[in-house]
Amino acid sequence: MTMTMTRRRLGQGGPDVSTLGLGCMGMSEFYGKTDRKAAIDTIHAALEAGVVLLDTRDFYGMGDNEMLLSEALRGKRDQVFLQVKFGAQRAPDGTFIGADARPNAMKTALSYSLRRLGTDHIDLYMAPCLPDVAIEETVGAMGEMLDQGYIRHIGLMNVDAEALKRAHDTRRVAAVQQEYSLTSRDVEQDVLPLCRALGVGLTAYGVLGRGLLTGSTGRGEGDLRSALYRRFQGENLTRNQRLARALAEVAETEGITAAQAAIAWVASRGDDIVPLVGAKTVERLTEALGAPMSLSVSALAAIEKAVP
């Protein structure tokens, strides 16, 4: 793969990373069959193309995703920017049984992530915002870990504006992670404007609408999307498939795929936003990396009209 990845800064004075990041969740579970060799090949291809931001979470595959990254990054750790999220709790059978962001729980989760990843630090460690623990307590404890060198930057995921402000008043927040796509724009109301006022970056997941915008029905062996998300169910799926077809038609007139159009649209929303692409194969990664990082005003208008 010979593509050259451009760079973006995550917020004002934040870390310098690749314009696109690689979301690794689907390499371990949730989105159908997994293939360890294909996953490692994809990670290596991403690094070769200049993708440095790799996104994972400690519960993806019950820790498998972090161990997969450790294997893929053996001898390559200094080439990547690791973004890791914590907080979810799961039972041995895989069911979700709660979440915990208390300071001691955070430090424990961090310890296990460092061990599974085979690294002495995490570049961007991201906390959930939970109702039963003050965000100031969580972020304050994360600041201790930053001071001790175990993490390099503090982040939050799926946060509201009020909690972001309180967190940022406690310790500097480098970035937040939110779902952001043509079909998920809630972040534009309060969180994104506040991020920009505070100089906080945004890493965007679900840029393909969890596959919806590329025609996926969220069904198949090991694919949990149709069970987890209402967008893949009943009349919602029927309506959303019409939007996906409309997007594909616009993309075709621009000489790109629907996935590339969806990625390009998110990338166009600001140079402080890093779209995460959840490729599981080199083929899908190559398609994502081919997304234009700039589109004409008329092309963007047509995309927004197709998926209003």
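A residue counts as buried when its relative accessible area is under 20%. In this predicted model, Val176 meets that criterion, because its relative accessibility is 0%. Val176 belongs to strand S10, which spans residues 175-179. Beyond its neighbours within four places in sequence, Val176 is in contact with Met126, Leu156, Val159, Leu164, Val191, Cys195, Val200, Gly201, Leu202 and Thr203. With Met126, 50 residues apart from it along the chain, Val176 has a C-alpha separation of 7.6 Å.

Val176 also leads to the wider interior. The largest nonpolar core comprises 79 residues, and those touching the most other members are Leu22, Tyr125, Leu156, Val176, Tyr180 and Leu247. A second core, separate from this one, consists of twelve residues, including Leu10, Val17, Ala174 and Leu276. In soluble globular proteins, nonpolar side chains tend to be buried together. Leu22 has contacts, outside its neighbours within four places in sequence, with Met27, Thr42, Ile43, Ala46, Val51, Leu53, Leu54, Asp55, Leu276, Val277, Ala279 and Leu285. Leu276, one of these contacts, is itself among the members of the second core.

A further buried position is Ala163, in helix H5 (residues 161-170). Ala163 counts as buried because its relative accessibility is 7%, where the limit is 20%. Apart from neighbours within four places in sequence, Ala163 is in contact with Cys129 and Ile135. The C-alpha atoms of Ala163 and Ala134 lie 8.9 Å apart, although 29 residues separate the two along the chain.

Helices H11 and H2 show how burial is distributed along a helix. In H11, which covers residues 297-306, the buried residues are Ala299, Leu300, Ile303 and Ala306. These four lie on the same side of H11 because they cover an arc of only 125 degrees around the axis. An α-helix has 3.6 residues a turn, so residues three or four places apart point the same way. Val297, Ser298 and Lys305 are exposed, and they sit on the face of H11 turned away from the buried side. In H2, the buried residues are Asn65, Glu66, Leu68, Leu69, Ser70 and Ala72. Their cover includes helix H1 (36-48), strand S4, strand S5 (81-85) and helix H3.

The loops preceding H2 and H5 each contain a residue with a notable backbone angle. Between strand S4 (53-57) and helix H2 (64-72), the loop holds Met62, whose phi is positive at about 55 degrees although the residue is not a glycine. Met62 is classed as partly exposed because its relative accessible area is 42%, a value between the limits of 20% and 50%. Asn158, also not a glycine, has a positive phi of about 50 degrees and lies in the loop between strand S9 (151-157) and H5. Asn158 is partly exposed, with a relative accessible area of 43%.

Helix H3, part of the cover over H2, also contributes to open space in the model. The second largest pocket has a volume of about 320 Å³ and a lining of 15 residues, with Asp58, Ala88, Gln89, Ala109 and Arg116 nearest its centre. Strand S6 (88-90) and helix H3 (103-117) each provide at least two lining residues, and H3 gives the most, with five. By character, the lining of this pocket is made up of seven nonpolar, four polar and four charged residues.

Definitions and conventions. Residues are numbered from 1 along each chain as its sequence is written. This is a predicted model: local features need pLDDT of at least 70, side-chain atom pairs count only at pLDDT 80 or more; totals for chains, interfaces and linings use all residues. Side-chain values use heavy atoms; hydrogens and water are left out. A nonpolar core is a set of buried Ala, Val, Leu, Ile, Met, Phe, Trp, Tyr and Cys residues joined through side-chain atoms within 4.5 Å. Buried means under 20% relative accessible area, exposed over 50%, partly exposed in between (1.4 Å probe, protein chains only). Contact means heavy atoms within 4.5 Å. On a 1 Å grid over the protein atoms alone, a cavity is a set of points where a 1.4 Å probe fits but cannot get out, and a pocket is an open set with protein on both sides within 12 Å along at least five of seven lines; lining residues have an atom within 4 Å of a point. Grid points are joined across faces, edges and corners, and a volume is the space filled by probe spheres set on the points. Ala, Val, Leu, Ile, Met, Phe, Trp, Tyr, Cys and Pro count as nonpolar, Asp, Glu, Lys and Arg as charged, and the others, Gly among them, as polar. The arc is that of the directions from the helix axis to the C-beta atoms.
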